[in-house]
Amino acid sequence: MKNDEELLNIAKDASKLNYAPYSNFNVGACVLFKTGNIYKGSNIENASYGLSLCAERNAIASGISNGENCIIKVAIYSPNKKLCFPCGACRQWIKEFSNDNENESVKIILEDENNKIKVFSINELLPYSFKI
Ligand code: THU
């Protein structure tokens, strides 16, 4: 099982393989699933701006479409902004594939301004969320 630093490093690598000519804001994400498998993704923009895809959702979609179903951790990195928190839509996506057990809330791994790893939980970032 990869540790937080390794996941963040993979997210950093992923942030270099993006397509963001419109915002020039680069994001990479690395998602660890319960199986121990990891999937990475980067943001992919489009000339029709609203069609742009976030790094987190690309990484999650990659995992789910390869047979994963339960997220344990999500590392997110942007060279443009330290503590690059996931947007609201990505929080809802993360929640969709999280375990509902309060003690096992998905961990969100970020890097702060001092290159220190900061860990949050999805329940902290998206409390009282919608789930069927
Ligand atoms: N972006 C992400 O990849 N993840 C987020 O959680 C927030 C925003 C991307 C979308 C767009 O390509 C760029 O960052 C600027 O919004």
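# Worked exercises on a predicted fold

Leu83 sits in the loop between β3 and α3, and this non-glycine residue has a positive phi of about 50°. Helices (H or I, at least four residues) and strands (E, at least two) are DSSP runs, numbered from the N terminus.

The model is a predicted one, so local features need pLDDT of at least 70 and side-chain atom pairs count only at pLDDT 80 or more, while totals for chains, interfaces and linings use all residues. Residues are numbered from 1 along each chain as its sequence is written, and side-chain values use heavy atoms, with hydrogens and water left out.

## Exercise 1: a positive phi in another loop

Place Asn24 in the fold and work out whether it is buried or exposed.

Step 1. Asn24 belongs to the loop between α1 and β1.

Step 2. Its backbone has a phi near 55°, a positive value in a residue other than glycine.

Step 3. Now the cover: buried means under 20% relative accessible area, exposed over 50%, and partly exposed in between (1.4 Å probe, protein chains only). Asn24 has 53% relative accessibility, so it counts as exposed.

## Exercise 2: the core and its members

Find the residues of the largest nonpolar core that touch the most other members, then look up what Ile94 touches.

Step 1. Get the term straight: a nonpolar core is a set of buried Ala, Val, Leu, Ile, Met, Phe, Trp, Tyr and Cys residues joined through side-chain atoms within 4.5 Å.

Step 2. The largest one has 21 residues, and Val31, Ile71, Val74, Ile76, Ile94, Val106 and Ile108 touch the most other members. At least two residues of this core come from each of β1, α2 (55–64), β3 (71–77), β4 (107–111) and α4 (122–125).

Step 3. There's also a second, separate core of nine residues, with Leu8, Ile10, Ala11 and Leu32 among them.

Step 4. Back to Ile94. Leaving out residues up to four places away in sequence, its contacts (heavy atoms within 4.5 Å) are Ile60, Ile71, Val74, Pro86, Val106, Ile108 and Ile122.

## Exercise 3: one face of a helix

Work out which residues of α3 are buried and why they line one face of the helix.

Step 1. Helix α3 covers residues 88–96, and its buried residues are Cys90, Arg91, Ile94 and Lys95.

Step 2. Look down the axis of α3: these buried residues fall within an arc of 140°, so they line one face. The arc is that of the directions from the helix axis to the C-beta atoms.

Step 3. Recall the helix geometry. An α-helix has 3.6 residues a turn, so residues three or four places apart point the same way.

Step 4. Ask what lies over the buried residues: the cover includes α2, β3, β4 and α4.

## Exercise 4: salt bridges

Trace three of the salt bridges and say where the partners of the Lys73 and Lys82 pairs lie.

Step 1. Count first: there are five salt bridges in the structure. The cut-off is a side-chain nitrogen of Lys or Arg within 4 Å of a carboxyl oxygen of Asp or Glu.

Step 2. Lys73 and Asp4 meet through their side chains at 2.7 Å, N to O. Lys73 is in strand β3 and Asp4 in helix α1, so this pair ties together parts 69 residues apart in sequence.

Step 3. Lys82 pairs with Glu111, with the closest N and O atoms 3.1 Å apart. Here the link runs from the loop between β3 and α3, home of Lys82, to strand β4, home of Glu111, 29 residues apart.

Step 4. Compare their cover: Lys82 is partly exposed at 23% relative accessible area, whereas Glu111 is buried at 6%.

Step 5. Lys118 and Asp112 form another bridge, the closest N and O atoms being 2.9 Å apart. Lys118 is partly exposed at 35%, and Asp112 is buried at 4%.

Step 6. Bridges that share partners join Lys12, Lys82 and Glu111 into one network.

## Exercise 5: a strand residue

Locate Ser121 and list what it touches.

Step 1. Ser121 is part of strand β5 (residues 117–121).

Step 2. With a relative accessible area of 16%, Ser121 is buried.

Step 3. Setting aside residues up to four places away in sequence, Ser121 touches Ser105, Val106 and Ile108.
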